[in-house]
Amino acid sequence: MSDIQAQFIDVDELRVGLYIYLDLGWMGHPFALNNFKIDSESQIETIRGLGLKRLRWSPELSDPPASADPVVRLETPVAPPTPAEQQRRLLLDQQASLARCEREFADAARAFRDILKLACAQPELAYERARAMADGLVRRLLDQGESCIRLLSEQAGEQISLHAINVSVIALLLGQRLGLDAAALDRLALGALLHDIGKVALPERLRWRDAVVSAAERKLFQRHVEHGVELAARMGLDAEIGAIIAQHHEYVDGSGFPGRLRGEQLTYPSRIVALVNHYDMLCNPSNPVAAITPHQALSLMFAQSRDKFDADILAVFIRMMGVYPPGSVVVLSDGRHALVVSVNAARPLKPRVIVHEPRIPREEALLVDLEHEEKLSIRQSLKPLQLPRAVFDYLLPRQRICYFFERARESMDRPKPP
């Protein structure tokens, strides 16, 4: 595009009808395309939240400003949207947000599969790809302000990429809540992404611990840590990232492997990844029958395994995920059943849920933000099998829990948490 066709505009001058170009990478923004016509004030708010000062736009592809035809504007005032129109807009917006998250997760899953293929034969190229992917995740997190943890569909990814991305996303959110700076988050993201890289050297059937049945197989499985450390050296990873790979199965009480390290022998980032890795393996074991709900996983970690984890990190993790993490099936205070699909890391006690409402087709069900519902709260959590069949078919609780992050609604208008 020529300089005549594309001009620049300050973000403060954006308006509905402008055709703009976002010169950002694949994880740099939440929109489906890099160039599009702005059609809502919420899009402008999102663009301003990206941290850009100015961006390219096309006068030829943009609508003329409303002030160019004041007579038409006065004679044909825009009617406020009807309740049905408002609901339709909200539905389209939430569907688009979920589609963006799932598309970005799918892109990340493909990128991670490529890293695994390159790890042994071309470790330096694998490192470059992993670094770019980790940088993209961190930039996505930092550029969007407050973040929500978003539950994705059952089909979002196969287990090895699902686990790596889950651990990376949750570890980054936790690191941010713990106050890590951007450089520390970069290292945390790369270590979390590659924590299981040594599994590429294992036979396929031994890549998941709950598939290990004998002592010999268990010993062979545990060698994936050793393989990972070797690959980390070949990839040229620094010592802090290598430590995450070496220690992601270690616990502060000395019950982990391979070194049975304790307390301060574990690096701080390693303690973060070990905790998140443990959580995700409870929710997403290789045998779906053994899976427990996110709510059960948090309860189990706190009630029976708290000595395994850094107490301060565990406390922040539980506050961040909320009592009812995404994927939890709950009963609301009015007796209706719901599925938690999104939790704002800054306000975890007020998640967004899909509510079972037989009069509304499931594909048209609106998310209910409990933060805006003074008279509605969560009464209790249920196991999916406790749901009536019709409710189960409507809410479709996931056997595999797959997370990504999205920008929290209205985060630019809310005061930052203390």
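**Reading a predicted model: burial and helix packing**

In this predicted model, 50% of the protein's 418 residues are buried. The fold has twelve helices and eleven strands. Let's look at one strand residue and one helix pair.

Q: Why is Ile-354 called buried?
A: Buried means under 20% relative accessible area. Ile-354 has 12% relative accessibility, so Ile-354 counts as buried. You will find Ile-354 in strand β8, which spans residues 352–355.

Q: What is Ile-354 in contact with, leaving aside neighbours within four places in sequence?
A: Its partners are His-337, Ala-338, Leu-339, Val-341, Arg-362, Ala-365, Leu-367 and Leu-395. Val-329 is 25 residues away along the chain, and the C-alpha atoms of Ile-354 and Val-329 are 9.8 Å apart.

Q: What makes α9 and α10 oblique to each other?
A: Helix α9 (residues 268–283) packs against helix α10 (residues 294–304) at an angle of about 135°, with the axes 9 Å apart. Angles over 145 degrees count as roughly antiparallel and 65 to 115 as roughly perpendicular. The angle of about 135° fits neither range, and α9 and α10 are therefore oblique. The crossing of α9 past α10 is right-handed.

Q: Which residues make the contact of α9 with α10?
A: From α9 come Leu-275, His-278, Tyr-279, Leu-282 and Cys-283, while α10 brings Pro-294, Ala-297, Leu-298, Leu-300 and Met-301. In this contact, nine residues are nonpolar, one is polar and none is charged.

Q: How much of the exposed area do carbon and sulfur atoms supply?
A: They supply 54% of the about 19,900 Å² that the protein exposes.

Conventions
Residues are numbered from 1 along each chain as its sequence is written. This is a predicted model: local features need pLDDT of at least 70, side-chain atom pairs count only at pLDDT 80 or more; totals for chains, interfaces and linings use all residues. Side-chain values use heavy atoms; hydrogens and water are left out. Axes are lines fitted to C-alpha atoms, for helices over the stretch in contact, and angles run from 0 to 180 degrees between N-to-C directions. Helices (H or I, at least four residues) and strands (E, at least two) are DSSP runs, numbered from the N terminus. Angles under 35 degrees count as roughly parallel, over 145 as roughly antiparallel, 65 to 115 as roughly perpendicular and the rest as oblique. A crossing is left-handed if the near helix is turned anticlockwise from the far one by less than a right angle, and right-handed if clockwise. Contact means heavy atoms within 4.5 Å. Ala, Val, Leu, Ile, Met, Phe, Trp, Tyr, Cys and Pro count as nonpolar, Asp, Glu, Lys and Arg as charged, and the others, Gly among them, as polar. Buried means under 20% relative accessible area, exposed over 50%, partly exposed in between (1.4 Å probe, protein chains only). Accessible areas come from the Shrake-Rupley method with a 1.4 Å probe; for residues, only the protein chains shown count as cover.
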